[in-house]
Amino acid sequence: MAILLIEDEEGIRTFVRRGLEAAGYQVLVASDGIDGLTMAVSDDVDLVVLDLGLPGLPGEEVLTRLRQRRPGVPVIVLTAKDAVADRVANLEAGADDYVVKPFSFSELLARVRARLRHTGQLRSDTIAVGGLVLDLAARTVSVDGKVTDLSAREFELLETFARNAGNVLSQVQLLDRVWGYDFDGSSNVVEVYVGHLRRKIGSARIQTVRGAGYRLVEP
């Protein structure tokens, strides 16, 4: 299950991302309104946590445009604006919930879970790609009926591939979605973990697309 966090304050972004990941969610992050809107309408996300005071494109505008493109995705506004008028304006603009900074993470997590239950966005507990089956609840994977042990990071990487089966994902995208930081041109962590997965699930399942990235395919 994927949550998009659009927040420009690095401290809050890291705090919320780590908390959501610890709760079992896949977290995508954006630090400005333009990138956030692009990801919200193009990536396969189940819920958006949206700050209002964003550079590039204000959060209010992101919300308005997102509602025009993806009216069904739940949006929780995260902001320091606590006036009743602000709450009403954003709820009427399409926000599903409103959390005021400073906030308790446990409250935010409860609201995330409630919104996902309320909107029926919970997905199947499994993802299958050919003979590869991921059990999202148990965090296990089987290959042609045989359970294979993966580390937490390996499972997150494989889940990202499985949710985008057949599509090429660049190193930058994989770092952002799985590790949560930008590719600096010197890290080979993606290559290393892809190698781990190939040894465990079969090298033919993950193709290298030269100059573009990797993709999960049925062998």
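## A briefing on Arg 205, the sheet and the cores

Arg 205 sits in the loop between H8 and strand S10 (206-209). This is a predicted model, and Arg 205 is a handy place to start a tour of it. From there we move to a four-stranded sheet, then to the nonpolar cores, and finally to a cluster of aromatic rings formed by Phe 15, Phe 103 and Phe 105.

**Arg 205 and its surroundings**
- Is Arg 205 buried or exposed? Its relative accessibility is 5%, so Arg 205 counts as buried, the cut-off being under 20%.
- Leaving aside neighbours within four places in sequence, Arg 205 contacts Val 129, Gly 131, Leu 132, Val 143, Asp 144, Arg 215, Leu 216, Val 217 and Pro 219.

**The sheet**
- Four strands make up an open sheet in the order S6-S7-S8-S9, and their pairing is antiparallel.
- Strand S6 (126-129) and strand S9 (146-148) are the edges, each pairing on one side only.
- From one strand to the next, the twist averages 25°.
- Within the sheet, strand S7 (residues 132-135) and strand S8 (residues 140-143) run antiparallel and are joined by four bridges.
- Val 133 has Ser 142 in S8 standing opposite.
- Helix H6 (residues 152-163) lies across S6, S7 and S8, and runs at about 115° to S7.

**The nonpolar cores**
- The largest nonpolar core has 26 residues, and Leu 134, Leu 158, Phe 161 and Leu 216 have the most contacts inside it.
- Two or more residues of this core come from each of S6, S7, S8, H6, helix H7 (171-179), helix H8 (189-201) and strand S11 (213-216).
- Which residues does Leu 158 touch, not counting those up to four places away in sequence? They are Leu 132, Leu 134, Val 141, Leu 150, Leu 197, Ile 201 and Leu 216.
- A second core, separate from the one above, has 23 residues, among them Ala 30, Val 62, Leu 66 and Val 100.

**The aromatic cluster**
- The structure holds two aromatic pairs.
- Phe 15 and Phe 103 form a tilted pair, at 6.3 Å centre to centre with 45° between the planes.
- That pair bridges 88 residues of sequence, from Phe 15 in helix H1 (residues 10-22) to Phe 103 in the loop between strand S5 (97-100) and helix H5 (105-119).
- Phe 15 and Phe 105 form an edge-to-face pair, with 5.9 Å centre to centre and 75° between the planes.
- Because Phe 15 lies in helix H1 and Phe 105 in helix H5, this pair ties together parts 90 residues apart in sequence.
- Phe 15 counts as partly exposed at 43% relative accessibility, whereas Phe 103 counts as buried at 17% and Phe 105 counts as buried at 17%.

Conventions:
Residues numbered from 1 in each chain as written. Predicted model: local features only at pLDDT ≥ 70, side-chain atom pairs only at ≥ 80, totals over all residues. Heavy atoms only, no water. Pairing = 2+ DSSP bridges. Axes fitted to C-alpha atoms, helices over the stretch in contact; angles between N-to-C directions. Contact = heavy atoms within 4.5 Å. Core = buried A, V, L, I, M, F, W, Y, C linked by side-chain atoms within 4.5 Å. Buried < 20%, exposed > 50% of the residue type's maximum accessible area, 1.4 Å probe, protein only. Phe/Tyr/Trp six-rings, centres within 6.5 Å; stacked < 30°, edge-to-face > 60°.
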